[in-house]
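Please look over the chain shown below before reading on. The report that follows takes up a few of its features in turn.

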Amino acid sequence: MATPLSDTPLSPLRTVAVVGLGTMGTGIAEVLAKAGREVVGIDISEAQAAKCVAALEASTARAVERRRLTEQERADVLARVTTSTDLTAAAGADLVIEVAPESYEVKQQIIRELDGIVRPEAILATGTNALSVTRLAADSAHPERVLGMHFFNPAPAMKLVEVVSSVLTAPAAVTAVTDLALDLGKEPVAVGDRPGFVADGLLFGYLNQAAAMYEAHYASREDIDAAMRLGCGLPMGPLALLDLIGIDTARTVLEAMYAESHDRLHAPAPILKQLSEAGLTGRKAGRGFYTYAAPDSGTVVPDALTPPEGGATGTGRTVRSVGVAGSGTMASGIAEVFAKAGYEVVLAARSEEKAEAARARVGTSLARSVDKGRMTAEAAAQALERIRPTGTYDDFAEVDLALEAVAEDLRVKQQVFATLDKVCKPGAVLATTTSSLPVVACARATSRPQDVIGMHFFNPAPAMKLVEVVRTVLTADDVHATVHEVCGRIRKHAVDCGDRAGFIVNALLFPYLNNAIKMVQEHYASLDDIDAAMKLGGGYPMGPFELLDVVGLDVSLAIEKVLHREFRDPGLAPAPLLEHLVAAGCLGRKTGRGFREYAKR
């Protein structure tokens with residue numbers, strides 16, 4: 001018996017029905033209408049259909065104000081959209097996109113009803129981001145015409161569309177939907193059927209870990225979100241994003257992912273269940289991790305958990321001069337930051353020559369700032385003048401804050417701290433810039449562990465706004481307060497975290513990178529598709545493989561191992577592919593080859 005869809009290319013999809021007119025359905029309808037498609041919006045609720053029309057009128061009016069549409073174009077867009085509360089309105093559609101609630105029962109009922117309404121050659125697309133497209137297709141009388149078309153919120157702005165094939169999907173249907181996505185100005189990425197697909201498969205594990213981190217009282221919601229925005233360049237912090245997505249939706253996605261992977265990283269954090277069942281589902285409810293001015297508002301308002309203005313960390317010690325130990329990129333960057341903020345800086349390295357070279361690097365960086373108009377030549381000269389290079393830590397005798405920025409090796413750092421303990425005056429604050437080692441182990445190398453704290457700067461230090469302030473169980477209150485005051489003076493955003501592997505940023509970032517490697521290792525998706533998915537669908541400034549090659553695969557592997565050792569979670573074990581590349585000497589850009597190959601400099 002012939003199937004409704006063969007491998008013969010289909011005619012262009014001119015009329016599209018959108019079933020479910022919530023935020024996502026309304027956004028998809030807008031995208032289609034602006035691209036010249038006739039759109040039939042269908043929702044069982046008359047009120048929701050009216051809300052969709054009102055939203056389209058408002059968004060197109062804004063487009064006219066911003067001169068992105070003319071009044072005539074706006075009228076044409078609105079004329080292309082009709083709404084109905086009856087599914088039979090989809091009868092003439094070439095394509096139906098359902099974006100109903102994430103429930104097999106609801107979606108399967110819609111697909112079964114559509115089987116008896118639409119033409120045999122019509123394509124049925126599900127907008128699910130959590131459920132099995134294969135399972136939904138198998139329940140249809142014509143499974144070969146069912147596929148996934150996963151848009152991202154807000155649909156008019158986000159470029160990514162994941163086109164999801166099941167083993168039953170006809171190639172002609174995939175081609176037709178891919179061509180439509182391109183015509184809509186989107187970037188289609190072809191993926192196989194597994195919960196979360198590419199973008200959400202990586203994103204929701206990260207969001208889940210952030211929720212668990214907050215639930216464990218490791219860091220405040222504000223600090224977790226600020227750390228990921230400022231440390232990774234993300235457009236939103238993970239907890240604010242969970243509120244935007246909907247905490248109940250996130251829980252559903254994670255349940256589906258865990259059912260397939262049995263990876264503890266995908267097991268929904270209990271707080272997601274607690275908030276969901278309490279009706280605190282995020283922005284749409286007016287409250288989730290944060291409290292909002294009203295349901296569906298994006299304006300955060302203070303609540304009982306909002307930290308007081310100014311941080312209220314107490315009174316710190318006076319800091320006028322700073323010692324920076326080290327001669328690498330991080331040490332010279334930190335010296336530049338403090339010198340620009342008006343501090344006298346002693347830059348100490350293992351030799352006078354290395355210290356002079358580090359100071360020269362600062363000079364080059366300052367000159368670039370002058371060339372770009374970010375500072376005057378006079379200010380740059382004054383900043384450089386404040387840096388005194390030296391080949392001995394003895395010159396730290398009078399500094400108020402000594403910062404260690406040497407190699408990421410615990411024995412080396414402990415030796416430096418033992419020396420700082422001997423040469424620094426009583427009351428000086430001793431800080432380590434480690435990104436992965438225990439701060440308390442550095443503190444115990446001194447006779448004054450109460451004076452030791454972590455100050456994890458991000459590279460490049462002059463440009464990156466974040467400093468993770470890592471307090472050990474021995475750190476004194478006034479030392480903690482001192483570092484917060486200093487961060488304010490050097491115009492950095494301080495976030496508090498405890499002394500455990502990865503702190504905030506690396507503890508959330510590197511499992512996400514590791515899971516991306518596993519996707520490639522399992523041949524689920526290509527490097528290019530994964531990088532594109534995370535940039536276009538998640539708003540990441542770099543794809544995971546671009547970032548891994550920049551960071552260095554050896555550095556990434558070392559951090560993965562530290563996290564795995566600390567938390568003993570099998571899901572954190574480094575992906576074998578990462579270990580193999582490091583063993584082969586493919587370390588990323590610095591060696592000319594990592595996940596990708598680079599032209600030799």
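How many cavities of 30 Å³ or more does the count come to? Before the reply, please keep in mind that this is a predicted model. The count comes to one cavity of 30 Å³ or more, and the volume of the largest cavity is about 30 Å³.

**The cavity and its lining**

The lining of the largest cavity is made up of Val 96, Ile 97, Glu 98, Ile 111, Leu 114, Leu 124, Ala 125, Thr 126 and Val 146. Sorted by character, the residues of this lining divide into seven nonpolar, one polar and one charged. Three elements, namely strand E4 (95–98), helix H4 (104–115) and strand E5 (123–126), each supply at least two residues of the lining.

**The sheet of eight strands**

Strands E4 and E5 also belong to an open sheet of eight strands, whose order is E3-E2-E1-E4-E5-E6-E7-E8 and whose pairing is mixed. At the edges of this sheet lie strand E3 (81–84) and strand E8 (187–191), each of which pairs on one side only. Going from one strand to the next, the twist averages 25 degrees. As a general point, strands of a sheet pair through backbone hydrogen bonds, and this pairing is either parallel or antiparallel. Which sense applies to strand E1 and strand E2? Strand E1 (residues 15–19) and strand E2 (residues 38–42) pair in the parallel sense, over five bridges, and within this pair Thr 15 has Glu 38 of E2 as its bridge partner.

A helix is also placed against part of the sheet: helix H6 (residues 171–183) lies across E4, E5, strand E6 (146–151), strand E7 (160–164) and E8, and helix H6 runs at about 20 degrees to E6.

**Backbone features in the loops**

Several loops contain a backbone feature that deserves a careful look. The table sets out two cis peptide bonds together with the loops in which their prolines are found.

| Peptide bond | Omega | Loop holding the proline |
|---|---|---|
| Asn 153 to Pro 154, cis | near 0 degrees | Pro 154: between E6 and E7 |
| Asn 459 to Pro 460, cis | near 0 degrees | Pro 460: between strand E16 (452–457) and strand E17 (466–471) |

Another feature concerns the angle phi. Phe 197, which is a residue other than glycine, has a positive phi near 50 degrees, and Phe 197 lies in the loop between E8 and helix H7 (199–215). Arg 491, although not a glycine, likewise has a positive phi, of about 60 degrees, and its place is in the loop between helix H17 (477–489) and strand E18 (493–498).

Is Phe 197 buried or exposed? The relative accessibility of Phe 197 is 1%, so Phe 197 counts as buried, the cut-off for that word being under 20%. Arg 491 has a relative accessible area of 67%, and because exposed means over 50%, Arg 491 counts as exposed.

**A residue in helix H18**

The last residue to consider is Asn 515, which is found in helix H18 (residues 505–521). Asn 515 has a relative accessible area of 13%, and therefore Asn 515 is buried by the cut-off of under 20%. Which residues does Asn 515 touch, not counting those up to four places away in sequence? With that exclusion in force, Asn 515 touches Leu 202 and Leu 265.

Methods
Residues are numbered from 1 along each chain as its sequence is written. This is a predicted model: local features need pLDDT of at least 70, side-chain atom pairs count only at pLDDT 80 or more; totals for chains, interfaces and linings use all residues. Side-chain values use heavy atoms; hydrogens and water are left out. On a 1 Å grid over the protein atoms alone, a cavity is a set of points where a 1.4 Å probe fits but cannot get out, and a pocket is an open set with protein on both sides within 12 Å along at least five of seven lines; lining residues have an atom within 4 Å of a point. Grid points are joined across faces, edges and corners, and a volume is the space filled by probe spheres set on the points. Helices (H or I, at least four residues) and strands (E, at least two) are DSSP runs, numbered from the N terminus. Ala, Val, Leu, Ile, Met, Phe, Trp, Tyr, Cys and Pro count as nonpolar, Asp, Glu, Lys and Arg as charged, and the others, Gly among them, as polar. Buried means under 20% relative accessible area, exposed over 50%, partly exposed in between (1.4 Å probe, protein chains only). Contact means heavy atoms within 4.5 Å. Two strands pair if DSSP finds at least two bridges between them. Axes are lines fitted to C-alpha atoms, for helices over the stretch in contact, and angles run from 0 to 180 degrees between N-to-C directions.
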